[in-house]
Amino acid sequence: MASTIATILLILVGVSLLYIAYRTITGRPVERRIVFIYIALAVALPLFMTLPAPVQVTPDVERLYDALEELRPGSKVLVSFDYDPPSAPELQPMAVAFMKYAFKHDLRVIVMGLWPQGPQLANLAIEEAMADQEIAAKNLEYGVDYVNLGFQSGNEFVIQAMGTQFKRMFPQDDRRIPYDSIPLMANVTNFSNVDFVFNLSSGKPGTIEWVQIAVDRFGATMGAGNTAVQAPQVYPYLRAKQLHGLLGGMSGAAEFEKIVEEPGDGTTFILSQMFAHAIVILFVIIGNAAFFTERRKQE
Amino acid sequence: MRRQVPLFITFFVGTLLIVSVFIPPMENLGEDFTLFFDIIAVFAFFLGGGNLLRVHLTKLYRKSPDWGFSVVTVVGFFLMLAAGLFKIGNPGDISASVTAEGSMFQTMFNNVVLPLQSTMYALLAFFIASASYRAFRAKNREATILLVAAFIILLGRTPFGMMLTAWIPDSWSVLQVPNLAIWIMNSPNLAGQRAILIGIGLGVVSMSLRIILGIERTYLGDDR
């Protein structure tokens, strides 16, 4: 029922856009609040629709998946949550899908954050992953199968110090448990004891700092998930093979969910993004049509 | 003396850290110095909080326009600070983690901070759409190239791109919008980003040398 209503509304949106195009071309552009309504509808309506989104997995996402597939059960993965709630809609679906993959493949997950709110978002991602029946059945234990080391200030200097000794930067974890009392950290001194580093980042400090220090200086193997705004800046490191795969924005999240067969928020939200992008493009076209019509008149 | 002491400290520490990279016994010196950053960062937290209070309490005192928002800010600041400092509602004792599940701090984070900050950022979509309608014009060749690239990326990074160009045969798959988007990211974008990175790298080296050698002194609060 909701899906039918949403489809009808979408058709109405299309027809009304034609009217807006006519108004704009005839020199009577609509006010911005009308544009806001269209964006709101484009974002909200797809959430009630059951459209199949033909998500195509790009080579950058495949590379990350291939790198993860090479990890054996019991491998230690360090995941750094370097973002805050504004970027969560894009990055949290990646985090949840990654956690689900890691737990289902018996990887040991060490979580940390260079952004103050990162570890809290990590807890939410872990909680969501734990709700999965297959993962819940494993009875994973905190401190043995996964641990949250918490936030440490110092930006890239934290990564640099971790290159010598994790314990220096994290004498205790997020729950105030001393580093030496955490079974998972028993044989972890620095990056050489970690099999893979995965960084979720929306700015600085983030993926670029991790590559420059953890990868270049200390030889860590690393993949990353970035916001769509930041992803283009990371491409030089990706092409130079300093990064083993990249998830870029909402599409990266949806692609990763598809390749690891864990459909989640990324798959749902990509529909909203798809319609929002379409609306933006249509408004740009309408605006330009009016612009060229006006210019022709003036000539 | 007031100027020479900071200049000497900068020169000494800068030179020492550069030299330490090349001398194995001194390799960890840089990491020891990074602890200083943490100490300074702690003061930055105090300064940030203090500045926030100063600005908003002044606004309240003067009853400036929209002072009601300052009330919300100050109350929110103290509420979150108290929840974190005094571990209000924490399942453990005062030594327990501030982010423990069930604590007031974590509850407020999950139910207030998270949705509010996400909402603030999401508002960007509305302004981008409005600006696109009113200002994004193909006025000249450069703007047209930018516009076409934007369309390809906007379509190519969502399933729409595939839907629109799935009919193109495999032998011409390079013309499918998602593949065009990948090409833009891997070629023009990559070239531009590399150029920027190299430029930044050279700029950092040059500026560092200027600061260490005392040529650049603006950080002392003097632009002469």
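These are legends for a set of close-up views of a predicted model with chains A and B.

**View 1. Where chain A meets chain B.**
Here we're looking at the contact between the two chains, in which 49 residues of chain A touch 48 residues of chain B. On the chain A side, the elements that each put in two or more residues are α2 (32-44), α4 (88-104), α5 (118-130), α7 (156-162), α10 (231-239), α11 (249-259) and α12 (265-298). The largest share comes from α12(A), with 15 residues. Sort the chain A side by residue type and you get 28 nonpolar, 15 polar and six charged residues.

**View 2. Two domains in chain A.**
The domain assignment splits chain A into domain 1, made of 2-51 plus 268-298, and domain 2, covering 59-263. Pull back a little to fit both in the frame: their C-alpha centres lie 38 Å apart.

**View 3. Helix α9 of chain A and its surroundings.**
Helix α9(A) runs from residue 207 to residue 215, and eight of its nine residues are buried, so the rest of the structure largely encloses it. The buried set is A:T207, A:I208, A:E209, A:W210, A:V211, A:I213, A:A214 and A:V215. What do the buried residues of α9(A) pack against? Their partners are the strands β1 (76-82), β4 (196-201) and β5 (222-226), together with α7 and α10, all of chain A.

**View 4. Strand β4 of chain A, with a strand on each pairing.**
Six of the six residues of β4(A) are buried, so this strand is largely enclosed by the rest of the structure. Both faces are covered: A:F196, A:F198 and A:L200 sit on one side, while A:V197, A:N199 and A:S201 sit on the other. β4(A) pairs with β1(A) in the parallel sense, over six bridges. To find your way around that pairing, look for A:S80, whose bridge partner in β4(A) is A:N199. β4(A) also pairs with β5(A), again in the parallel sense, over five bridges. Two residues of β4(A) make handy landmarks here: A:F198 has A:G223 of β5(A) as its bridge partner, and A:L200 has A:G225.

**View 5. Strand β5 of chain A and its link to β6.**
Is β5(A) buried or exposed? Five of the five residues of β5(A) are buried, so the rest of the structure largely encloses this strand too. One face carries A:M222, A:A224 and A:N226, the other A:G223 and A:G225, and both faces are covered. Besides its pairing with β4(A), β5(A) is joined by three bridges to strand β6 (residues 246-248) of chain A, and the two run parallel. Across that pairing, A:N226 stands opposite A:G248 in β6(A).

**View 6. Two β-α-β units in chain A.**
This view puts the strands and helices of the earlier close-ups together. β4(A), α9(A) and β5(A) make a right-handed β-α-β unit. β5(A), α10(A) and β6(A) make a right-handed β-α-β unit as well. The helix in the β4-to-β5 unit is α9(A), with eight of its nine residues buried. The helix in the β5-to-β6 unit, α10(A), is among the elements that give two or more residues to the side of chain A touching chain B.

**View 7. Chain B, helix after helix.**
Chain B has seven helices and zero strands, so to speak an α-α-α-α-α-α-α run when read along the sequence. Its radius of gyration is 27 Å, well over the 17 Å that the globule rule gives for 224 residues, so chain B is more spread out than a compact globule. Along its principal axes the C-alpha trace spans about 70 × 50 × 40 Å. Of the 224 residues, 14% count as buried. Among contacts in chain B with a separation of 6 or more, 26% come from residues 24 or more positions apart.

**View 8. B:R210 in helix α7 of chain B.**
B:R210 belongs to helix α7 of chain B, which covers residues 177-212. How many C-beta neighbours does B:R210 have inside 10 Å? There are 13, so B:R210 counts as partly exposed. Setting aside neighbours within four places in sequence, B:R210 is in contact with B:I215 and B:E216. B:N140 is 70 residues from B:R210 along the chain, and their C-alpha atoms are separated by 40 Å.

Conventions
Residues numbered from 1 in each chain as written. Chains lettered and ligands numbered in written order. Predicted model: local features only at pLDDT ≥ 70, side-chain atom pairs only at ≥ 80, totals over all residues. Contact = placed C-beta atoms within 7 Å. Helix = DSSP H or I, 4+ residues; strand = E, 2+ residues; numbered from the N terminus. Nonpolar A, V, L, I, M, F, W, Y, C, P; charged D, E, K, R; others polar. Domains from an automatic or database assignment. Buried ≥ 20, exposed ≤ 12 C-beta atoms within 10 Å, placed from the backbone. Rg over C-alpha atoms; globule rule 2.2 N^0.38 Å. Pairing = 2+ DSSP bridges. Right-handed = clockwise from strand over helix to strand, strands pointing away.
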